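Subject: Structure handover: salt bridges and one helix

Hello,

Here is the structure for you to load. Please open it alongside this message.

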Amino acid sequence: MVPEKTVGHRARRLSSRKPYDSHVVETTIRIQRKTDRSVPVLGPAERNLKLIREALGVHITSRDGEIQLKGPRDAVAAARRVIERLLQAAVDERSLTRQDVLDIISDQAGRPMPTLDVSDEDGQFIDSAATWDGSLDVYSRGKLIRAKTTNQQRYLDSIRDHDLVFSIGPAGTGKTYLAVAAAVHLLKTSRVTKVILARPAVEAGEKLGFLPGDMQAKVNPYLRPLLDALHDMMDYATVRRFMENDVVEVVPLAFMRGRTLNNAVIILDEAQNATRGQMKMFLTRMGHGSKMIVTGDTTQIDLEEPRESGLVDAAARLARTSGVGFVSLDRSDVVRHPLVQRVIDAYEEETRS
């Protein structure tokens, strides 16, 4: 049972105006920020909160030093006890592994959670749940995101198996969407600590002139497709918090110069509009523990000189390079409106004639 009043917590019943929700409660747990306990309690990329959410079925969010719980009374009570254990571990300066957190959840929920497999060659335990089989632990509108065609599955498998992947194909084939989904999956499962989404600021055949606002407002129109995909997979509050904490960056390609990016997924979208020099600059940003995904459509080059496309150049230069994956998508992989396939066919016929 969750008490209506507790020290350091606020608990209340939801409004009686919705009798079907009468069994649901909300609880807010404060984290004393001055003790810097938030990171060990929440886990990297809020991993611990995600484990609690998925294991106990409660709605859980964190903001401004507070953790909000909402759900069935018993589940909220169990989740609250788990967080209290995590808080105590933070006070004691004890570092908890993913399996430690699962054990705490199991203890408080009264049912077993996933366990660890045998140790690897270095004697480090391997989390069986952390082995990526090419499927995604990412949802959109409550539905699991998954590959819908054979080529799309090859794309996800290539991202799993290679640190640098090029995906080339027409519009609507899921190049960008699956890349972002894979990045969110890797972030969610703590394989990386950062996701960077980049795109050339090149207009599609139009000259928009000077745009109003600060730098972020000026580049936002170019980066909107990446943000749309991201918001489709995470709630607004999570995306905002990740961007404020630099866990997720959405930046123009020109801003990548001079950086070394470790333990990150770096996606370059609309790469056909990157110049040769920009592509070389981008590819040399990769640091240790990182993956790069380059997506583009060579039939939609908006550069004044199409022969300068960095995507076309890189595909030719790196085609035989070990460790680089290439996946070609075609009209059969289009997952948008059925008319998109017909539009692609019509334009291809004109090109061939």
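Below are notes on the salt bridges and on one helix.

Please keep in mind that this is a predicted model.

**Salt bridges**

The count comes to 15 salt bridges in the structure. As background, side chains of opposite charge can pair when their charged atoms come close. Three pairs and one network are described here.

Start with Arg241 and Glu46. They form a salt bridge, and their closest N and O atoms are 2.6 Å apart. Arg241 belongs to helix α8 (residues 236-244), while Glu46 sits in the loop between α1 (38-42) and α2, so this pair ties together parts 195 residues apart in sequence. Are the two partners buried or exposed? Arg241 has 17% relative accessibility, so it counts as buried, the cut-off being under 20%. Glu46 is buried too, with a relative accessible area of 9%.

Next, Arg259 and Glu249. Here the closest N and O atoms of the salt bridge are 2.7 Å apart. Glu249 is in strand β12 (248-252), and Arg259 is in the loop between β12 and β13 (264-268), so the parts tied together are 10 residues apart in sequence. Glu249 is buried at a relative accessible area of 13%. Arg259 counts as partly exposed, at 23% relative accessibility.

Then Arg307 and Glu305. This salt bridge has its closest N and O atoms 3.0 Å apart. Arg307 is exposed, with a relative accessible area of 64%. Glu305 counts as partly exposed at 34% relative accessibility.

Last, the network. Which residues does it link? Salt bridges join Asp157, Arg160 and Asp161.

**Helix α2**

Back to the helix that follows the loop holding Glu46. Helix α2 covers residues 47-56. How many of its residues are buried? The number is 8 of 10, so the helix is mostly covered. The buried set consists of Arg47, Asn48, Leu49, Lys50, Leu51, Ile52, Ala55 and Leu56. Charged side chains are on that list: Arg47 and Lys50 are among the buried residues. After α2 comes Gly57. Its phi is positive, near 70 degrees.

**Where to look**

- Arg241 with Glu46: both partners are buried.
- Arg259 with Glu249: the Glu is buried, and the Arg is partly exposed.
- Arg307 with Glu305: the Arg is exposed, and the Glu is partly exposed.
- Gly57: the residue with positive phi after α2.

Best regards

Methods:
Residues are numbered from 1 along each chain as its sequence is written. This is a predicted model: local features need pLDDT of at least 70, side-chain atom pairs count only at pLDDT 80 or more; totals for chains, interfaces and linings use all residues. Side-chain values use heavy atoms; hydrogens and water are left out. Buried means under 20% relative accessible area, exposed over 50%, partly exposed in between (1.4 Å probe, protein chains only). Helices (H or I, at least four residues) and strands (E, at least two) are DSSP runs, numbered from the N terminus. A salt bridge is a side-chain nitrogen of Lys or Arg within 4 Å of a carboxyl oxygen of Asp or Glu.
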